[in-house]
Amino acid sequence: MVPEERKVFDNGSHQNILLEDFGHGEMVQANVHLIVDSGEGMILDPGGHKVFKHLLAEIGGLIGVDNLRYIFLSHQDPDIVAAINGWLMTTKATAIAPVLWIRFIPHFGVDRLVVNRIKGIGDEGTIVKLGRSELYIIPAHFMHAPGNFQVYDPVSKTLYSGDLGASLGQDYVYVENFDEHVQYMEGFHKRYIPSNKILRAWVKMIRQLDIETIAPQHGAIMKGRDIVNRFFDWLEDLPCGIDLMENIYRIPSSYFEG
Ligand code: FE
């Protein structure tokens, strides 16, 4: 049974589930999401080796391993891709990833037997059919990776935003107070997102969608149109990346102390 808190949406035939967080220790906290429609599943950004076997068991209990149709890889980072070989070896799923990273991902150790089941998606994105629903693979390049996608699910009106909207250090699953939540997002966005210009382009595109929930890959979920709009407004005005980094280019003058 999935605890209520981890059911992001459920209408009987379509479910959006935040899988249990099996990460701990030195690993950055990461959310792994599962979208299910008519018994078929897509797992999003499934993470590394330490969480793989636990997640696989959970998928088995929820929908059956053979009903996992897609593994969505938003970009090439290890907290997303590291265990992809295990996922491909133990499921029948197709992995989808930005075409930009298709020749890099095999460096994580992908067997020749399964490597062709990782399909590259071009910069323009695509629409994927899952069960009786359609999922939009939305361009989100430079959010933060130069080749990066998000998933929009029109049934639950959820945007899976990947690293955008990531928060670190809070102790709640759902954002209640946006103003108080900003402190947990600010550092990450200022350093990992390359520029305000790209944020504005993204916000302009994403405001065309009907979004009730933003589910990032790290930290708390933003639910409700008011909080979602506050998030877009905040991004539009956020200086980040190269807007702030010009002064970092100085020759180092202090010694490494291991
Ligand atoms: Fe990342």
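User: Which residues line the largest cavity in this structure?

Analyst: In this predicted model, the largest cavity is lined by Asn-31, His-33, Leu-44, Asp-45, Phe-72, Ser-74, Tyr-160, Ser-161, Gly-162, Ala-215, Pro-216 and Gln-217. The elements that contribute two or more residues to this lining are strand E11 (158-162) and strand E12 (213-216), and E11 gives the most, with 3 residues.

User: Why is this space called a cavity, whereas the space of about 250 Å³ is called a pocket?

Analyst: A cavity is a set of points where a 1.4 Å probe fits but cannot get out, while a pocket is an open set with protein on both sides. The space of about 70 Å³ carries the name cavity, so by that definition a probe placed there cannot get out. The space of about 250 Å³ is the largest pocket, and therefore it counts as open.

User: What makes Asp-45 the charged residue in the lining of the cavity?

Analyst: The lining of the largest cavity divides into 5 nonpolar, 6 polar and 1 charged. Asp, Glu, Lys and Arg count as charged, and Asp-45 is among the lining residues, so Asp-45 belongs to the charged class.

User: Which residues lie closest to the centre of the largest pocket, and which helix gives the most to its lining?

Analyst: Of the 19 residues that line the largest pocket, the closest to its centre are Met-27, Ala-30, Gly-47, Gly-48 and Val-51. Helix H1 (49-62) and helix H2 (78-81) each supply at least two lining residues, and H1 gives the most, with 4 residues.

Key
Residues are numbered from 1 along each chain as its sequence is written. This is a predicted model: local features need pLDDT of at least 70, side-chain atom pairs count only at pLDDT 80 or more; totals for chains, interfaces and linings use all residues. Side-chain values use heavy atoms; hydrogens and water are left out. On a 1 Å grid over the protein atoms alone, a cavity is a set of points where a 1.4 Å probe fits but cannot get out, and a pocket is an open set with protein on both sides within 12 Å along at least five of seven lines; lining residues have an atom within 4 Å of a point. Grid points are joined across faces, edges and corners, and a volume is the space filled by probe spheres set on the points.
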